[in-house]
Amino acid sequence: MKVIDLTPRGYCHGVLNAMAIVKKVIRTESYPRPIYVLGQIVHNQKITKAFKEHGVISLDQKGKTRLEMLEQVDHGTVIFTAHGISDKVIERAKEKGLTYLNATCRDVLKVHKAVKVKLDEGYQVIYIGHRNHPEPEAILDIDPSILFVENEKDAMLLPNDLGDKIFVTNQTTLSLYDIKSVLSIIETKYPSYIFDNEICNATTIRQQAVMDQEKVDLMLVVGDQKSSNSNKLAEVSRKSKDIPSYLIGGVEDINLEWLQGIDSVSVTSGASTPTIVAEEVISFLKQYKKDDPNTWHHQSSLSLTDIL
Ligand code: SF4
């Protein structure tokens, strides 16, 4: 099997920073216990499980906001995730007398700042993102006037009479495909709109590597189902190169049927995927031979200690 290891892949600076913060709290006894993370520190189940082994409690409850989850915490240390947190939640943590650390990525903070500046200048802000993702949740908490758009249908439903000061921006881990289709509608409705593309550099260069790759029979993206940037890598591969692409959590998720009758596969990974997990996938594929059952075993041999 020809295996192409796409680069860059793996951790971005925001993920490295967030993980370093959690590790620091774990090894520093003066931080009050228990240690809570409001959500998943980064979107990767393996990392969440590995931190759980060190006593870190990830409060990740579907349908609950960060503010609602914070209400369950009365003492200890709270870590806000790389995806961003609203000022309201920070204020509430202060009111409760909690020790907290903010692991928000600097690229996400940049969007918060841009949105606040434009609101102060009297703009109507329209934000493009994914529903039920923590990054938009924090942005929308800045001001109730911000209009949220996920897709073309949402854009069509935007009111026509928003004035002529319209500022449009977006979640950092989208793809240009997500944005283009929505922008084409916004452009028709509000010709004088200003657009600030906030897809982060880490997301952009990983997607570019996928778009620039040679044609292969299959692409595997190693990443978590909840990871927006990982999902986008698979989507970009399908849309830009017409390559069948699957998102897998690790080597154990490979479906051997995908490898039937193919000769080449490329591998990339999301910005929150441990390198060691992607490397295990690559090693398996390199030794895989369709006619030799001895090469078909694909259970992970990684322990939680290996993940961190
Ligand atoms: S994917 Fe981008 S925005 Fe998200 S943590 Fe990484 S660098 Fe920051």
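## Around the ligand

A good place to start is the ligand, which has 15 residues around it, with C12, G14, C105, T172 and C200 the closest. Keep in mind as you look that this is a predicted model.

Which helices each supply at least two residues of the shell around the ligand? They are α1 (13-27), α5 (106-120) and α9. Of the shell, α1 provides the largest share, with three residues. Sorted by class, the shell around the ligand holds eight nonpolar residues, six polar ones and one charged residue.

## Three domains

Now step back to the whole protein, which is divided into three parts. Domain 1 is built from two stretches, 2-11 and 202-307, while domain 2 covers 13-105 and domain 3 covers 107-199.

Let us follow one pair. The centres of domain 1 and domain 3, taken over C-alpha atoms, are separated by 32 Å. Nine residues from domain 1 and nine residues from domain 3 take part in the contact. On the domain 1 side, α9 (201-212) and α10 (228-241) each contribute at least two of the residues that touch domain 3. The most come from α10, which gives six residues to that side. In terms of class, the side of domain 1 that touches domain 3 is made of five polar, three charged and one nonpolar residue.

## Two nonpolar cores

Next, look inside. In soluble globular proteins, nonpolar side chains tend to be buried together. Here the largest nonpolar core has 52 residues, and V15, A18, V22, I41 and I79 are those with the most contacts inside it. Helix α1, already met at the ligand, supplies the largest share of this core, with five residues.

What does A18 touch, once residues up to four places away in sequence are left out? Its partners are I41, V42, T81, A82 and A103. There is also a second, separate core of 22 residues, and among its members are M219, L233, V265 and L285.

## A closer look at α2

Helix α2 spans residues 45-52, and its buried residues are K46, I47, T48, A50 and F51. An α-helix has 3.6 residues a turn, so residues three or four places apart point the same way.

Where do the buried residues of α2 pack? They lie against the helices α1, α11 (275-287) and α12 (304-307), and also against the strand β3 (56-59). Helix α1 is thus a thread to follow through the model: α1 gives the largest share of the ligand shell, gives the largest share of the 52-residue core, and is one of the elements that the buried residues of α2 pack against.

Technical notes: Residues are numbered from 1 along each chain as its sequence is written. This is a predicted model: local features need pLDDT of at least 70, side-chain atom pairs count only at pLDDT 80 or more; totals for chains, interfaces and linings use all residues. Domain bounds come from an automatic or database domain assignment. Two residues are in contact if their C-beta atoms, placed from the backbone, lie within 7 Å. Helices (H or I, at least four residues) and strands (E, at least two) are DSSP runs, numbered from the N terminus. Ala, Val, Leu, Ile, Met, Phe, Trp, Tyr, Cys and Pro count as nonpolar, Asp, Glu, Lys and Arg as charged, and the others, Gly among them, as polar. A residue is near a molecule or strand if its C-beta atom, placed from the backbone, lies within 6 Å of it. A nonpolar core is a set of buried Ala, Val, Leu, Ile, Met, Phe, Trp, Tyr and Cys residues joined through C-beta atoms within 7 Å. A residue is buried if 20 or more other C-beta atoms lie within 10 Å of its own, exposed if 12 or fewer, and partly exposed in between; C-beta atoms are placed from the backbone.
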